[in-house]
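Colleague: I should be grateful for a close look at one part of this assembly. Please describe how one chain meets its neighbours and how its sheet is arranged.

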4 protein chains.
Amino acid sequence: MQFMSDNAAPVHPRVWDAMRAADSADTPYDTDALSRELDARFSALFGRECAALWVATGTAANCLALSTMVEPHGGVICHEEAHIEMDECGAPGFYLHGAKLLLAGGVGAKLAPEAIAEVLAGITRGVHQVPAQAISITQASEYGLVYSHGELDAVAALAREHGLGLHMDGARFANAAAHLACSPAEAAGAVDALSFGFVKNGGMGAEAIVFFDPEKAATIHFRRKRAGHLQSKGRFLAAQILAMLDDDLWLANARAANDAAQIVAKAAGERLVHPAQVNELFVRMNAVERAALRTQGFAFYDWDDSSIRLVTSWATDPGHAQALGKAIAAL
Amino acid sequence: MQFMSDNAAPVHPRVWDAMRAADSADTPYDTDALSRELDARFSALFGRECAALWVATGTAANCLALSTMVEPHGGVICHEEAHIEMDECGAPGFYLHGAKLLLAGGVGAKLAPEAIAEVLAGITRGVHQVPAQAISITQASEYGLVYSHGELDAVAALAREHGLGLHMDGARFANAAAHLACSPAEAAGAVDALSFGFVKNGGMGAEAIVFFDPEKAATIHFRRKRAGHLQSKGRFLAAQILAMLDDDLWLANARAANDAAQIVAKAAGERLVHPAQVNELFVRMNAVERAALRTQGFAFYDWDDSSIRLVTSWATDPGHAQALGKAIAAL
Amino acid sequence: MQFMSDNAAPVHPRVWDAMRAADSADTPYDTDALSRELDARFSALFGRECAALWVATGTAANCLALSTMVEPHGGVICHEEAHIEMDECGAPGFYLHGAKLLLAGGVGAKLAPEAIAEVLAGITRGVHQVPAQAISITQASEYGLVYSHGELDAVAALAREHGLGLHMDGARFANAAAHLACSPAEAAGAVDALSFGFVKNGGMGAEAIVFFDPEKAATIHFRRKRAGHLQSKGRFLAAQILAMLDDDLWLANARAANDAAQIVAKAAGERLVHPAQVNELFVRMNAVERAALRTQGFAFYDWDDSSIRLVTSWATDPGHAQALGKAIAAL
Amino acid sequence: MQFMSDNAAPVHPRVWDAMRAADSADTPYDTDALSRELDARFSALFGRECAALWVATGTAANCLALSTMVEPHGGVICHEEAHIEMDECGAPGFYLHGAKLLLAGGVGAKLAPEAIAEVLAGITRGVHQVPAQAISITQASEYGLVYSHGELDAVAALAREHGLGLHMDGARFANAAAHLACSPAEAAGAVDALSFGFVKNGGMGAEAIVFFDPEKAATIHFRRKRAGHLQSKGRFLAAQILAMLDDDLWLANARAANDAAQIVAKAAGERLVHPAQVNELFVRMNAVERAALRTQGFAFYDWDDSSIRLVTSWATDPGHAQALGKAIAAL
C-alpha cells in the first residue's frame with residue numbers, strides 16, 4: 001500500500017483518453033488546436049485574461065516562470081525549505097543564470113510577510129548584494145500547509161510595495177484549492193505566475209505555467225525552447241491539461257487525495273507534526289513503529305529521525321487509507 | 001496529404017501499448033524497472049557497454065550530451081547549418097553556459113574532416129580564442145545525407161587526434177541506419193555520445209542519450225535534473241524507447257519512412273537538390289508548381305526560393321507518396 | 001622599433017600624475033570624488049546627459065554594456081570579424097549568459113545597414129531562433145576604418161526601427177574621432193552605449209562605459225560588481241580617465257598616433273589593404289620583405305599570408321615612423 | 001582618523017616605484033617579464049611549485065579560483081557569512097554558472113570540520129541536490145579570526161576524504177600569516193588554490209591567484225580572459241605583486257596593520273566581540289558612544305546594533321590608533 005509520494009501515481013483514465021484522441025492531430029510544437037486552447041481555458045478558470053503554456057515538469061515550470069521576473073544579478077525570496085531551494089539540484093541557478101535564492105524561515109515552510117520583510121530589510125549594501133526581484137511561495141507548502149486568502153493578500157501587498165514579481169509553485173495547487181473550497185482565483189491570490197501542477201494529480205507529464213498578466217509571458221516561449229522543453233508533439237501535453245480541466249477533474253482528483261489523507265489524519269491525531277490540510281501528512285513515529293507499519297505492507301518516506309511523511313493521491317484506495325489509519329491507531 | 005515534417009507524426013500503436021502497460025508501476029523519476037533497463041538494452045543493441053537515459057526532446061538530448069564534453073569556456077565544432085546552430089534558439093549557449101559553436105561548412109550539412117581541420121587550424125591565439133573541446137555531427141544530416149563508415153572513421157580519428165569529444169545528433173539516426181543497412185554500431189561509428197531520436201519515428205516524447213563510455217555519463221544525471229528534464233513519471237518515457245527497440249521497431253519504422261521517400265524521389269529525379277538517402281527530400285520547384293501541388297492537397301515546407309522540403313514518416317501512406325510522385329512528375 | 005600594437009604602450013605622464021594625486025583619497029569602490037565626477041565630465045564632452053563608469057578592460061566594457069541590452073535568449077548583430085566575436089574568448093557568451101552573436105559580413109569589418117538587414121530578414125522562425133536585441137559596431141573597425149556620420153545614422157535608424165539596442169566598441173574611438181575631426185557626439189552617433197577606450201591611448205587600465213540614456217545604466221553597477229570588476233581603489237581608474245579628458249589629452253594622443261600612421265601609410269601606398277584612417281595599417285608584404293624589415297629592427301604582427309599589421313600609438317616616435325616608411329619604400 | 005576599512009588605503013611607495021619602473025616594458029597581457037616571474041616567486045615563497053596569476057580584485061580571484069574546482073551543477077561549502085556569500089553580489093553564481101553555495105555556520109565566520117561534515121551529511125538525495133565539489137575558507141575570517149595549523153589540517157583532511165577542492169580566500173592572508181608568525185606555507189595549509197590579497201595591504205589593484213598544483217591552473221587563463229580580466233598592460237599588476245613580495249613587504253605591512261589594531265584592542269578589552277588577531281576589531285558600542293567617537297574625528301563602520309567594526313591598515317598612523325584606544329577607554 002503506497003503512501004510514498006503522489007509523484008508516480010497512475011495516469012487518470014480520462015487523461016489517457018484525451019491523449020489518444022490527440023494522436024490524429026499533426027501540427028508540431030504548440031501550434032496544434034489543443035495547445036492553442038490553453039489561454040482561453042485558463043482565462044475562463046481564473047476569470048481573467050491569462051496566458052498559459054505547457055511544460056513537462058514542475059522544476060521547469062517554476063524556473064521558467066521565475067526567469068521572466070528575475071535578472072541574472074537579482075534574487076528570489078523563498079522559504080529555506082522550498083522545493084526550488086531543496087530539491088531541484090540548483091535548477092534556479094541554471095535557469096536564472098546564477099541569480100540567488102534569498103532564504104527566509106517560517107513555520108510549515110510557509111513564508112510569512114515578516115520573514116520576507118526581514119530579508120528585504122537586510123539588503124542595504126547597494127551593489128554588494130543582489131537585489132530582490134521576486135518572491136516565490138508554494139501553495140500548498142512543502143509541509144502540506146495552505147495559504148489563506150488573507151495570507152496571500154499580505155504577501156502580494158509586500159510584493160507590490162517593493163516592485164517584486166510574485167510566483168506560486170503550485171505543484172499541489174489543486175489540493176490547496178480543494179482544501180480552501182474557494183475559487184481557483186482566490187486560491188492563487190494576486191500572483192503574477194503560477195506553476196499549476198497536474199502530474200501529481202492524474203496527469204502524465206504536463207504542468208501549466210499560467211501568467212495572469214499575459215504581457216509578462218512574452219519571452220517565456222523563447223526560454224522554453226532554449227531549455228529543450230518545447231516538445232514537438234506538444235499536443236499530448238495540452239491534451240492532458242485540458243482533460244484535467246474538463247468538468248473540474250483536477251478538483252475532483254485533489255479532493256479524493258485530500259479525503260484519503262483525512263482518513264489517516266484522524267487516526268494519527270496527536271502524532272501530526274503539522275495540521276492535515278491537503279494530501280501530505282508528517283507523522284511522528286519511532287523506528288519500531290515504522291518497522292511495524294512496513295511489515296503490514298505500508299510504503300512511506302522517512303522524513304527525519306522523528307517523523308515519517310505519508311502522501312495520498314487521486315488514486316489512493318480509501319480502503320488502504322483506512323487500513324493505514326487503523327494500523328497507526330493500533331501502534 | 002502531409003509531407004511537412006516527421007516531427008508531429010502519430011505515435012505508433014506499440015508505443016501506446018507499452019505506455020499503457022507502464023501505468024501500473026509506481027516508482028518515480030528513473031528508479032522504475034523500465035528506466036533501469038535502458039543501459040542493458042542499448043548495450044545489447046550496440047554490442048558494447050553503454051549508459052543510456054531518456055529525455056523529452058532532441059534539443060535537450062543534444063545539449064545535455066555536449067555538456068559532458070565541453071566547459072563553459074570551450075567550443076563545439078559543428079556545421080553551420082546544424083540543428084544546434086540553426087534551430088534550437090541558442091540552447092547550446094544555455095546548456096553549455098556560453099560555450100561557442102565553431103562553425104564549419106560542408107556540402108549537404110555534412111562536416112568533412114578538412115572543414116573541421118580548418119577550424120582547428122584557425123585556433124592559434126591562445127586565451128583570446130575558445131579552445132575546441134568537441135565535434136558534433138548529425139546522422140542523417142539536416143539535408144538528409146548519411147555519413148558512411150569511412151566518413152565517420154575520419155571524423156572520429158580527427159577527434160581523437162585533438163582530444164575532442166565526439167557527439168552525434170541522431171534525430172534521424174534510425175533513418176540513417178536503415179539507409180546504411182549496417183549494424184547500429186557501424187551507423188554510430190566511434191562517437192562518445194549519441195542523441196538517439198525516437199520522437200520523429202513513432203515515439204511521443206522520449207529520446208535517448210547513449211554514452212559509449214559509461215563513465216562519461218557520470219554527471220549528466222545531475223544536469224538533466226537541473227534542467228527540469230527528470231520527469232517524475234519517467235517510466236512512460238522509458239516505455240516508449242523500449243517499445244521502439246523491441247523487435248527493431250525503430251528500424252522498421254525508419255525503413256517505411258525511407259521507402260515512402262524513395263517513391264517520391266524517383267518521380268522528382270533531376271529536381272532533387274541532394275541525393276535521396278533517408279526521409280527528407282529537397283526538391284527544386286517554382287512558385288507556380290508549389291501552388292499546383294498545394295491545390296492537390298499536398299502540405300510541405302517552403303525551404304527557400306528555389307526548393308521545397310518533403311518529409312515522410314513511419315506513418316506516411318504509400319498511396320500518398322505515390323500520389324505526390326505522380327503530381328510532381330506531371331508538373 | 002615597436003609597431004606591434006598600441007595595447008601595451010606606455011602610460012602618459014599626465015595619467016601618472018593624476019594617479020599619484022588620487023592616492024590620498026580614501027573612499028572605496030566608486031564612492032570617491034573622482035569616480036563621481038565621471039557622469040558630469042562625459043555629459044559635458046558629449047553635450048547631453050550621460051551616465052559613465054570605469055572598468056579595467058575593453059572586453060569587460062563591451063560585454064557589460066551589452067548585458068544591459070540583451071537577454072540570455074537574445075542575440076547581438078555584429079561583424080564576423082568584430083573583437084567580441086574573434087578575440088574575447090567567448091566573453092559575450094559568459095556575460096550575456098549564452099546569448100548569440102549573429103554575424104554579418106562587410107568590407108573592412110564595418111557593418112553596412114544591408115548586412116544588418118539581411119541578418120534580421122533571416123529571423124523568421126519564431127522561437128526556434130534567437131531574436132536580435134542589439135547591434136554592436138566598432139569605431140574605428142578592426143581594420144582601422146571609421147564610420148562616417150551618415151553611416152552611423154543609417155545603422156542607428158535600423159536599430160530604432162527594429163527596437164534594437166546599439167552599442168559601440170570604441171577601443172579606438174579616440175582615433176576615429178581624431179580622423180573625423182568632428183565632435184565626440186558626432187563620432188559616436190546615436191548609440192545607446194559606448195565602450196570608450198583609454199588604455200590603448202595613454203591610460204593604464206581604465207576604460208569608460210558611457211550610457212547616453214542614463215536610465216539604461218541602472219543595472220550595470222550590479223553587473224560590474226558581480227563580474228569582479230568593481231575595484232576597491234576605483235579612484236585610480238577614475239583618475240586615469242579624467243586625466244585623459246583634461247584638455248582633450250585623449251584627442252591629442254589619438255592625433256599623434258594617427259599622424260605617425262600617416263607617415264608610414266604614405267610610404268606604403270599601393271601596398272595598403274585598407275585606406276589609412278586611424279593608427280592601424282594593413283600592408284601587403286611577402287615573407288622576404290617581412291624578414292628584411294625585422295632585420296632593421298621593426299616589430300610588427302603577421303596578419304595573414306599576404307599582409308602585416310602595423311600599429312602606432314600616442315607614444316610612437318615620429319622618427320621611427322619615418323624610418324619604417326623609408327624601409328618599406330625601399331623594399 | 002580612518003578606521004573604516006583597509007580597502008581604500010593608500011598605495012605603498014615601493015609599489016608606486018615598481019609600477020613606474022614597469023612602464024618601459026611593452027609586451028601585452030601577461031607576456032611581459034614581470035608577469036612571467038610570478039610562478040617562480042610564489043614557488044619560492046611557498047617552498048613548492050606553484051602557478052600564479054594576477055587579477056584586479058578579490059572577487060574575481062575567489063570566483064576564478066573556484067571555477068577550476070566546481071562544475072555548474074556542483075556546490076561550494078562555505079561559511080554563511082563568507083564574503084563570497086555576503087558581499088559579492090552573486091559573483092559565484094555568475095562565475096560558476098549557477099553552482100550553489102552550501103552554507104555552514106561556525107563561530108567567528110570560521111568553518112569547523114563538524115559544520116562541513118554536517119553539510120555533507122545532508123547531501124543524501126542523489127540528483128535532487130547539488131553535489132559538493134569544493135570548500136572555501138577565509139584566512140583570516142570575516143571577523144578577523146585566523147585558522148591555526150591544526151584547524152587547516154582538519155579542513156584539508158575532510159576535503160581530501162570527500163574528494164573536494166579546497167580554496168582559501170586570502171584577502172587578508174598577509175595579516176593571518178603575520179599573526180601566526182609561521183611560514184606562508186603553514187598559513188595556507190593544504191589548500192589547492194589561494195586568493196592572495198595585496199590590495200588591502202599596500203597594492204593598488206592586483207591580487208594573486210596561487211595554485212599549489214600547477215596543473216589545476218590549466219583552464220583559468222581562458223576563464224580570466226573570458227571574464228574581461230586579462231588586462232593588456234598586465235605588467236603593472238605583476239609589478240605591484242612583485243614589489244609586495246620583495247623583502248617581504250607584504251608581511252611588514254600586515255604586521256604594521258595588526259600592531260595598530262593591537263593598540264586599539266588593548267583599550268577595547270572586554271568590549272571585543274572576537275579575539276583581536278589581525279587588523280579587524282569588532283567592538284561592542286552603543287549609539288551614544290559611537291557618536292562620541294565620531295565627534296572626536298574617528299570614522300568607522302556600524303556593524304550591527306550592538307557593535308562597530310574598526311579596521312587598521314599598513315598605513316594607519318600608530319598615533320591615531322593610540323588616540324582611538326584612549327577615546328574608547330574613556331567612554
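Modeller: The following account takes chain B, beginning with its contacts and ending with its sheet.

This is a predicted model, in which local features need pLDDT of at least 70 and side-chain atom pairs count only at pLDDT 80 or more, while totals for chains, interfaces and linings use all residues. Residues are numbered from 1 along each chain as its sequence is written, and chains are lettered from A and ligands numbered from 1 in the order in which they are written.

Chain B meets chain A through 33 residues on the side of chain B and 33 on the side of chain A; two residues are in contact if their C-beta atoms, placed from the backbone, lie within 7 Å. On the side of chain B, α3 (58-67), α5 (91-95) and α10 (220-226) each supply at least two residues. Helices here are DSSP runs of H or I with at least four residues, strands are runs of E with at least two, and both are numbered from the N terminus. The chain B side of this contact comprises 15 nonpolar, 13 polar and 5 charged residues. Ala, Val, Leu, Ile, Met, Phe, Trp, Tyr, Cys and Pro count as nonpolar, Asp, Glu, Lys and Arg as charged, and the others, Gly among them, as polar.

With chain C, chain B shares a contact of 15 residues from each of the two chains. The chain B side has 6 nonpolar, 7 polar and 2 charged residues. Chain B is superposed on chain C by a rotation of 180° with 0.0 Å of shift along its axis (RMSD 0.0 Å), the fit being by least squares on the C-alpha atoms of residues with pLDDT of at least 70 in both copies. The two copies are therefore related as by a two-fold rotation axis. Within chain B, B:G98 comes closest to the rotation axis, its C-alpha lying at 2.0 Å. Because 100% of the interface residues of chain B are also interface residues in chain C, the copies meet through the same surface.

Turning to the sheet, chain B has an open one of 3 strands in the order β8-β10-β9, paired antiparallel; two strands pair if DSSP finds at least two bridges between them. β8 (280-284) and β9 (301-302) of chain B stand at the edges with a single partner strand each, so one side of each has no neighbour in the sheet. β8(B) is joined to β10 (residues 307-311) of chain B by 5 bridges, and B:F282 has B:R309 of β10(B) as its bridge partner. Helix α12 (residues 249-268) of chain B packs on this sheet, touching β8 and β10 of chain B, and its direction makes about 20° with that of β8(B). Such axes are lines fitted to C-alpha atoms, for helices over the stretch in contact, and the angles run from 0 to 180 degrees between N-to-C directions.
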